[in-house]
Amino acid sequence: MAARFLWRAQTKLLFGATAVGGGAAAAAVANSDDPATALKLCTLVPLRLYRDSVTAAAIAFDYEYSLWGLPEGSAERQKVKHEVHLRSARRLEELCFKNGGIYIKFGQHLGQLEYLVPDEYVHIMRESMLNRCPQSSYEQVCEVVSKELGGTPDQIFKEFDPVPIASASLAQVHIAHTHDGQKVAVKVQHTHMTDTAAADYATVGLVVNTLHRFFPDVDYRWLVDEVRESVPKELDFLVEAKNSVKCMDNFRKLSPHIADYVYAPRVYWTLSTSKLLTMEFMDAAQINDVKTIQTLGIRPSDVAKLVSQAFAEMMFKHGFVHCDPHAANMLVRPMPSGQRTLFGKRKPQLILLDHGLYKELDSSTRMSYAALWKALVSSDAKGIKENSVKLGAGEDLYVLFAGILTMRPWNKVVDPSVDHLVIQGTDNERSELQMYASAYLPQITELLRRLPRVILLMLKTNDCLRAVNRTLVQGSSLESFYIIGKVSSEAVLDSVWEKRSLLSWINFWLQKILLEARLCGMQLAVWLLQLQKVLTIGNH
């Protein structure tokens with residue numbers, strides 16, 4: 001009886017979804033000026049819509065039917081829910097790959113929300129969406145190059161490798177040489193990305209809305225809104241090029257002490273358009289390729305510190321943040337100047353790629369966010385609450401917000417020990433975090449609904465950086481939190497100093513003394529930890 005009822009609900013959902021999404025499909029076809037494109041859309045859009053509807057209905061049916069009658073909190077329900085999560089994540093993965101483009105971008109976003117979505121989804125999406133993106137054929141690449149630059153790849157470039165070295169959700173990259181012999185990387189947008197965008201946004205939204213209708217606690221409509229807002233900017237490669245220039249200008253003007261350690265490839269403006277970007281080719285190691293980094297004479301821990309420093313400067317001082325720092329978008333090479341550390345190792349230079357997704361934090365939000373991290377590192381419960389409320393978490397969910405930012409329980413967040421935020425990365429610790437995420441899913445959903453979208457992107461950025469850091473140092477490091485505490489505190493103190501009143505200056509110096517005392521303690525702990533590592537290596 002229950003199965004029959006759910007089957008009827010699934011059938012109604014399937015037909016209803018097709019009807020709702022049909023308007024977007026018709027709009028996409030009607031707005032196309034190219035007859036060939038319109039014909040292609042007439043074939044592609046209904047097919048994608050059908051896939052979406054079937055997938056959404058299958059996922060909803062699986063959850064409802066499989067969990068039917070199982071008591072909340074029981075071991076059997078948890079086991080079955082894990083299996084349903086896996087099946088549903090696989091269905092969603094298959095849908096993203098079949099439809100491509102914006103769907104893969106959505107899947108990538110989903111895979112970077114560690115502990116904010118079920119771990120099964122994160123694991124499957126993170127493993128597949130970054131490494132198995134579909135490729136455009138060489139004929140399609142030639143079509144884009146010809147349309148954008150007025151000639152075939154062999155005409156525009158002295159050499160052009162038809163086999164891409166990398167492929168992502170929106171574009172793929174080819175190695176080429178200019179006629180004056182410069183080795184370049186040419187980023188070519190997948191064909192017809194913009195043609196199906198309107199329909200794709202609507203149909204992706206359909207899947208998310210369907211899941212939310214069946215499971216009110218699972219609300220990721222904000223993620224669809226974010227993809228709808230960000231992808232059009234990411235599809236304009238001239239915006240990406242300008243972002244890279246602005247990012248480097250910010251480091252030179254606002255963070256000159258590390259400007260030489262952060263680099264973005266030079267853009268060849270005469271060979272770049274909104275759908276094709278030609279950049280300096282970078283010969284460097286992938287940031288998660290620890291063996292190659294060590295072979296280059298660089299310590300992975302130095303890379304982790306540099307990443308923490310660069311993104312702390314962007315978040316707390318620049319207010320202009322690269323919000324897609326996953327492993328494929330960061331490279332490492334030795335400093336061109338040949339500088340070395342005190343240990344004789346080569347100093348790293350961080351190379352930032354894919355500047356399509358940036359977010360600007362207004363002055364008020366930037367200061368509240370910096371003050372929040374200053375309070376988190378300092379175990380300042382009052383400051384954590386005050387600034388969490390300012391950012392929209394509310395007085396009832398600020399503890400949860402602090403936990404999501406740090407991935408630590410509240411008793412650890414307010415622990416006065418200097419290493420209170422360090423994550424060891426053990427299986428037990430990870431299981432505990434997943435248990436908390438599952439238990440507080442309704443509250444997490446409500447928190448995500450409340451927070452400004454720019455802060456949601458900061459959460460996603462933190463998750464990306466946490467994953468990179470975990471690869472480099474096998475967990476989180478005290479040094480990273482020392483850097484975050486130092487840069488966030490400097491940003492807060494700078495804002496106090498700018499008020500230019502006697503009371504504010506007195507407050508500035510008092511805070512600076514307290515800050516230096518706290519940071520000295522953290523720095524001492526860092527030095528002792530490094531000394532312990534050296535002694536351990538010496539004993540072996």
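These legends walk you through several close-up views of a predicted model.

In this predicted model, local features need pLDDT of at least 70 and side-chain atom pairs count only at pLDDT 80 or more, while totals for chains, interfaces and linings use all residues. Residues are numbered from 1 along each chain as its sequence is written, and side-chain values use heavy atoms, with hydrogens and water left out.

**View 1. The whole chain holds 21 helices and 11 strands.**
Helices (H or I, at least four residues) and strands (E, at least two) are DSSP runs, numbered from the N terminus. Of the chain's 540 residues, 53% count as buried; buried means under 20% relative accessible area, exposed over 50% and partly exposed in between, with a 1.4 Å probe and protein chains only. Contact here means heavy atoms within 4.5 Å. Among contacts with a separation of 6 or more, 70% join residues 24 or more positions apart.

**View 2. The largest nonpolar core has 118 residues.**
A nonpolar core is a set of buried Ala, Val, Leu, Ile, Met, Phe, Trp, Tyr and Cys residues joined through side-chain atoms within 4.5 Å. Look for Ile287, Phe316, Tyr369 and Phe401, which touch the most other members of the largest core. Helix α12 (residues 300-318) supplies the largest share of this core, 10 residues. Elsewhere, a second, separate core of 13 residues includes Val145, Phe157, Val184 and Leu271.

**View 3. Helix α15 (residues 398-406) is mostly covered.**
Of its 9 residues, 8 are buried, including Tyr398, Leu400 and Phe401. The cover over the buried residues of α15 includes α13 (363-377), α14 (381-390), α16 (410-413), α18 (441-450) and α19. Follow Phe401 outward: leaving aside neighbours within four places in sequence, Phe401 is in contact with Leu372, Ser388, Leu391, Ala393, Leu447, Leu451, Ile455 and Leu459. After α15 comes Met407, whose phi is positive, near 60 degrees.

**View 4. Histidine 322 sits in strand β8 (residues 320-322).**
With a relative accessible area of 1%, His322 is buried. Polar contacts are pairs of N or O atoms within 3.5 Å; within protein, one must be able to donate a hydrogen and the other to accept it, and residues adjacent in sequence count only if both atoms are side-chain atoms. A polar atom of the His322 side chain lies 2.9 Å from the backbone oxygen of Leu353. The backbone oxygen of Asp354 also lies 2.9 Å from a polar atom of that side chain. Beyond residues up to four places away in sequence, His322 touches several others, among them Phe311, Met314, Asn329, Tyr358 and Thr461.

**View 5. Serine 272 lies in the loop between β5 (262-263) and β6 (276-280).**
Ser272 is buried, at a relative accessible area of 9%. Its side chain reaches the backbone nitrogen of Thr278 at 3.0 Å. Ser272 and Leu238 are 34 residues apart along the chain, and their C-alpha atoms are separated by 7.3 Å. Not counting neighbours within four places in sequence, the contacts of Ser272 are Leu149, Leu238, Val267, Leu277 and Thr278.

**View 6. Histidine 190 is found in the loop between β4 and α8 (197-214).**
His190 counts as buried at 8% relative accessibility. A polar atom of the His190 side chain lies 3.4 Å from the backbone oxygen of Ala171. Setting aside residues up to four places away in sequence, His190 touches others including Pro134, Gln135, Ser136, Ser167 and Gln172.

**View 7. The largest pocket contains about 1,300 Å³ of space.**
On a 1 Å grid over the protein atoms alone, a cavity is a set of points where a 1.4 Å probe fits but cannot get out, and a pocket is an open set with protein on both sides within 12 Å along at least five of seven lines; lining residues have an atom within 4 Å of a point. Of the 49 residues lining the largest pocket, Gln286, His326, Ala327, Ala328 and Asn329 lie nearest its centre. The lining of the largest pocket divides into 23 nonpolar, 13 polar and 13 charged residues. Here Ala, Val, Leu, Ile, Met, Phe, Trp, Tyr, Cys and Pro count as nonpolar, Asp, Glu, Lys and Arg as charged, and the others, Gly among them, as polar.

**View 8. The largest cavity has a volume of about 350 Å³.**
Volume is the space filled by probe spheres set on the grid points, which are joined across faces, edges and corners. The largest cavity is lined by 21 residues, with Ser308, Asn462, Leu465, Arg466 and Ile484 nearest its centre. Helix α12 gives the most to this lining, with 7 residues.
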